[in-house]
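Reader: Please take me closely through the pockets and the cavity of this model, residue by residue where you can. I would like to begin with the second largest pocket, and to hear how its lining is made up.

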Amino acid sequence: MKIATFELERYFAKYEFSTKYLLSSSDCESLSMSELIEMASQETLKAWQELKLGYTEIYGHPLLRESIAEIYSSLKAENILTVVPSEGIFLLMNTLLKPGDHIVCTFPGYQSLYEIAQSIGCDISFWQPQEEQGWKFCINDLRKKLQTNTKLVVANFPHNPTGYVPPLQDFHDLIDIVYQQGAYLFSDEMYRFLETEETSTLPSASEIYDKAFSLFGLSKTFGLPGLRLGWMASQNNAILEKMSQLKDYTTICGSAPSEILAVMAIKNRQQIIESQRQRIQRNLKHLNEFCQKHQDFITWNKPIGGSICFPRLSIAETTLQFCEKLVTDTGIMLLPSEVFNFGNKHVRIGFGRENFPQVLQILSDYLEKQK
Ligand SMILES: Cc1ncc(COP(=O)(O)O)c(C=O)c1O
């Protein structure tokens, strides 16, 4: 398999564990083991203490799949295949696609959402947002991208990196367009439930369309990326079964401790998500003030959902040059838009972490000193 370098992951690999401050992370503040275990019910604690560290079921622990299904109003445990989130993208693309298929994918975005299709030999059309309209993805633009051989539409809302979430009617129109085409829909919903207004939370595509596959997991919204636990939800059990057979060649099954810890988290999802949302609200206030204070440096479209946004910088150099200088001078890592292969004028800011106000203050002081 030949596949291009994952630019964003390489940039993180360079700095994530060596620099002092991260200002681009997409995952919310992580919970500790003890915080999670404190929330657990007697039943889950018993499962944790008695857990044997053997292989686990390919689809995931039955208790876990039942807990996951509770997040959806119409899906059942059998509609859930647990995966490592990034593995889910790999499994779905390799199950559905063959060379010569055409796909449409939101862009800029998380690179594997289109790069895996590219590596299979598919033709890819990018569905791009309008920055001057608040990063809106226009439904008419999507319509224009479809071809007779379009097999799959890939959408990611709340969107990484812009934080855009379409209005409900647009989302229904999107699904209707994919349905009329007879295509599959891959809906990456990794940032679901982090919308700034709860009313902006979209339904899961997997509940609306029987050829839709929704990816969700514990990495972003729950702040538990270290569990490496996510799932693909779909009414289409035949494709889930094919994915599970491909999983024999990737991870075979999930990690036993992660599965039980995941049950604890999902059973307490209201509390965990509420606390992440509150942190995001607090941090967004700081970011708003920062953007007002440094208007000559930064302009942004406020995100509608997720833990990240994609502001434009007014600087003489490229964003890559700026970010490399910033990390050397201050220890702050920011992601330049070059890693999204999207020009050199934007950066991704992540506002899900507890130390966000402090790091933003260091950036603010740095910018003042440059004047
Ligand atoms: C949109 C999107 N999908 C999938 C993933 C993969 O999640 P994980 O890193 O937990 O495998 C990410 C991670 O950044 C993401 O942003």
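Author: By class, the lining of the second largest pocket holds three nonpolar, two polar and five charged residues, where Ala, Val, Leu, Ile, Met, Phe, Trp, Tyr, Cys and Pro count as nonpolar, Asp, Glu, Lys and Arg as charged, and the others, Gly among them, as polar. The model is predicted, so local features are reported at pLDDT of at least 70 and side-chain atom pairs at pLDDT 80 or more, while totals for chains, interfaces and linings use all residues. Residues are numbered from 1 along each chain as its sequence is written, and side-chain values rest on heavy atoms, with hydrogens and water left out.

The residues that make up this lining are Glu70, Ile71, Phe193, Glu198, Thr201, Arg269, Gln270, Ile273, Glu274 and Arg277. The second largest pocket contains about 260 Å³ of space. On a 1 Å grid over the protein atoms alone, a pocket is an open set of points with protein on both sides within 12 Å along at least five of seven lines, a cavity is a set where a 1.4 Å probe fits but cannot get out, and lining residues have an atom within 4 Å of a point. Points are joined across faces, edges and corners, and a volume is the space filled by probe spheres set on them.

Because domain 1 (7–31 + 270–370) and domain 2 (33–269) both contribute lining residues, the second largest pocket lies between them; the domain bounds come from an automatic or database assignment. One member of this lining, Phe193, also has an unusual backbone angle to check, since its phi is near 80°, a positive value in a residue other than glycine. Phe193 is placed in the loop between strand 6 (184–188) and helix 9 (205–208), with helices (H or I, at least four residues) and strands (E, at least two) taken as DSSP runs and numbered from the N terminus.

The largest pocket has a volume of about 710 Å³. Its lining counts 33 residues, and those closest to the pocket centre are Phe6, Glu9, Ser86, Tyr110 and Arg228. Two or more lining residues come from each of helix 1 (7–15), helix 5 (85–96) and helix 6 (112–120), and helix 1 provides the largest share, with five residues. When the lining of the largest pocket is sorted by class, 16 residues are nonpolar, seven are polar and ten are charged. Here, too, both domains take part, for domain 1 and domain 2 each supply at least three residues to the lining of the largest pocket.

Two backbone details belong beside this description of the largest pocket. Arg228, among the residues closest to the centre of that pocket, has a positive phi of about 50° although it is not a glycine, and it sits in the loop between strand 7 (212–217) and strand 8 (230–233). Helix 6, one of the elements in the lining of the largest pocket, is preceded by a loop that starts after strand 3 (102–106) and contains Pro108. The peptide bond that joins Phe107 and Pro108 is cis, with omega at about 0°.

As for enclosed space, a search of the whole structure returns one cavity of 30 Å³ or more, and the largest cavity holds about 70 Å³. Phe157, Pro158, Val165, Phe171, Ser187, Glu189, Arg192, Glu195, Leu202 and Pro203 form its lining, which divides into six nonpolar residues, one polar and three charged. A further cis peptide bond runs from Asn160 to Pro161, with omega near 15°, and Pro161 is located in the loop between strand 5 (150–156) and helix 8 (168–181).
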